[in-house]
Amino acid sequence: PTPKTGRTSPLYQTREIAKRRLNISTMWIRNWPEFYEAAKQLYEQNPTTTRYTMKYRAKDFLVLKVTNDVVCLKHKTNQQQDLRKIEKLSSLMAKSMAGVHQ
């Protein structure tokens, strides 16, 4: 049998149940400076549980996500000029998470 995909997959349903139990608040932020500051602030508030991920979709866009299991910030872009800004945030997060102080 082929595995179910999309909203009918068991993995998707498990994630949705976990989100409801944890009461995670997801916020999409379109403006880059707002996302950058919010992500930085979220990490500074709770560095031990905050995670930063990037996901490239084949539909030609990139999704950035910063979460601490209570708040989930997301930003989506398909603009090549945003790569420098993303690189700056990624560098900041990697250094902070590795314990390197600037």
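Begin by selecting Asp-60, which you will find in the loop between β2 and β3 of what is a predicted model. Asp-60 has a relative accessible area of 47% and is partly exposed, since that value falls between the 20% limit for buried and the 50% limit for exposed. If you add Thr-77 to the selection, you can see that Asp-60 and Thr-77 are 17 residues apart in sequence, while their C-alpha atoms are 8.9 Å apart in space.

Now step back and display the whole protein chain, which has three helices and four strands. Following the chain from the N terminus, you meet these elements in the order α-β-α-β-β-β-α. If you colour the residues by accessibility, buried residues account for 27% of the 102 residues in the protein chain. A surface display shows what the chain exposes, about 7900 Å², with carbon and sulfur atoms supplying 53% of that area. Where contacts join residues at least 6 apart in sequence, 55% of them are between residues at least 24 apart.

Next, select the four strands, which form an open sheet of mixed pairing, and trace them across in the order β1-β4-β3-β2. At the edges of this sheet are β1, residues 25-28, and β2, residues 51-57, each of which pairs on one side only. As you rotate the view, compare neighbouring strands, which are turned by 20° against each other on average when direction is ignored.

Stay with the strands on either side of the loop where the tour began, and select β2 together with β3, residues 61-67, which pair in the antiparallel sense over seven bridges. One place to look is Arg-57, whose bridge partner in β3 is Phe-61. Keep Phe-61 selected and show its side chain along with that of Lys-76, because Lys-76 lies over the face of the Phe-61 ring, at 4.7 Å from the ring centre, within the 6 Å limit used for a charge over a ring.

The helices that lie across the sheet come next. Select helix α2, residues 32-45, which lies across β3 and β4 (71-77) and runs at about 150° to β4. Then select helix α3, residues 83-98, which lies across β2, β3 and β4 and runs at about 145° to β2.

Return to helix α2 for the last stop, and show its aromatic side chains; a search of the whole structure finds two aromatic pairs. In the pair of Trp-32 and Phe-35, the ring centres are 5.6 Å apart and the planes stand at 45°, so this pair is tilted. Both residues lie in helix α2, three residues apart, which is about one turn of the helix. Trp-32 is buried, with a relative accessible area of 11%, and Phe-35 likewise counts as buried, at 0% relative accessibility.

The rings of Trp-32 and Tyr-36 have centres 6.3 Å apart and planes at 45°, so this pair is also tilted. Trp-32 and Tyr-36 are four residues apart in helix α2, again about one turn of the helix, and Tyr-36 is buried, with a relative accessible area of 12%. To end the tour, select Trp-32, Phe-35 and Tyr-36 together, since these residues form one aromatic cluster.

Methods:
Residues numbered from 1 in each chain as written. Predicted model: local features only at pLDDT ≥ 70, side-chain atom pairs only at ≥ 80, totals over all residues. Heavy atoms only, no water. Pairing = 2+ DSSP bridges. Helix = DSSP H or I, 4+ residues; strand = E, 2+ residues; numbered from the N terminus. Axes fitted to C-alpha atoms, helices over the stretch in contact; angles between N-to-C directions. Contact = heavy atoms within 4.5 Å. Phe/Tyr/Trp six-rings, centres within 6.5 Å; stacked < 30°, edge-to-face > 60°. Buried < 20%, exposed > 50% of the residue type's maximum accessible area, 1.4 Å probe, protein only. Lys NZ or Arg CZ within 6 Å of the ring centre and 35° of its normal. Areas by Shrake-Rupley, 256 points an atom, 1.4 Å probe, with all protein chains shown as cover.
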